[in-house]
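Trainee: Could you take me on a close look at one part of this structure? I would love to hear how the pieces there fit together.

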Amino acid sequence: MNGNRELILPPQEFDLLKVLRDVNAPMKVEEVASRLGTDVNSLMRSIAELENLGLILTNKSTRRIIELTEEGRKYVETGLPEVRLVKVLLSCKCKPGINDMPNIAREHGISLSLNEINYALSSLTKMGIIRLVRALLN
């Protein structure tokens, strides 16, 4: 025996090795998948198998991606509730009750729901931007 072993690989793993040999440089898994006309999830199994066989080396990295939610997109259009509440308070130059705020905001052309007002009050109070004072009504 001469010590040479024949290794039979599934077609995708063989094609993966050919792509890596031809490029002869590190590649992102998305690029390899594109060249092979397959999806990344399917390719990951082949990559793991070839790595287990010692035929390729991988460098794994995780990337955190930040994206706006539907609510975030809404606030890009309308502004954050905290900003809108401060604008109302500056515009009206008043000391309104919480339940009066949606109507006062509307009078100043600003949309604020009671839920948004309560959220904004909590945030702005924690940041020390506003303070809530209890007032006795006659």
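Mentor: Happy to! Let us begin with a term: a residue counts as buried under 20% relative accessible area, as exposed over 50%, and as partly exposed in between. Keep in mind, too, that this is a predicted model. The part I have picked is helix 5 and its surroundings.

With that term we can look at two cysteines. C92 and C94 are joined by a disulfide, with 2.0 Å from S to S. The count of disulfides comes to one. The link of C92 and C94 is left-handed, with -85° about the S-S bond. How accessible are its two ends? C94 has 29% relative accessibility, so this cysteine counts as partly exposed. C92, in turn, has a relative accessible area of 16% and is therefore buried.

Now to the helix itself. Helix 5 covers residues 81–92, helix 7 covers residues 114–126, and their axes come within 8 Å of each other, crossing at roughly 90°. Because angles of 65 to 115 degrees count as roughly perpendicular, helix 5 is roughly perpendicular to helix 7. Which residues meet at this crossing? From helix 5 come P81, E82, R84, L85 and V86, while helix 7 brings E116, I117, Y119, A120, L121, S123 and L124. Sorted by character, the residues of this contact are eight nonpolar, one polar and three charged.

L85 leads us on to the nonpolar core. The largest such core holds 13 residues, and L85, V88 and L112 have the most contacts inside it. At least two of its residues come from each of helix 5, helix 6 (101–107) and helix 7. Helix 7 is the biggest contributor, with four residues.

L112 deserves a pause of its own. Leaving aside residues up to four places away in sequence, L112 touches P81, R84, L85, V88, P102, A105 and I117. Among these partners, P81, R84 and L85 also take part in the contact of helix 5 with helix 7, as does I117 from the helix 7 side.

Finally, a glance beyond this part. Another core, of ten residues, lies apart from the one we have just explored, and its members include L9, M27, A33 and L50. So when you turn the model, start at the disulfide between C92 and C94, then find the place where helix 5 and helix 7 cross at roughly 90°, and finish at L85, V88 and L112 in the largest nonpolar core.

Methods:
Residues are numbered from 1 along each chain as its sequence is written. This is a predicted model: local features need pLDDT of at least 70, side-chain atom pairs count only at pLDDT 80 or more; totals for chains, interfaces and linings use all residues. Side-chain values use heavy atoms; hydrogens and water are left out. Axes are lines fitted to C-alpha atoms, for helices over the stretch in contact, and angles run from 0 to 180 degrees between N-to-C directions. Angles under 35 degrees count as roughly parallel, over 145 as roughly antiparallel, 65 to 115 as roughly perpendicular and the rest as oblique. Contact means heavy atoms within 4.5 Å. Ala, Val, Leu, Ile, Met, Phe, Trp, Tyr, Cys and Pro count as nonpolar, Asp, Glu, Lys and Arg as charged, and the others, Gly among them, as polar. A disulfide is a pair of cysteine sulfur atoms within 2.5 Å. Buried means under 20% relative accessible area, exposed over 50%, partly exposed in between (1.4 Å probe, protein chains only). A nonpolar core is a set of buried Ala, Val, Leu, Ile, Met, Phe, Trp, Tyr and Cys residues joined through side-chain atoms within 4.5 Å.
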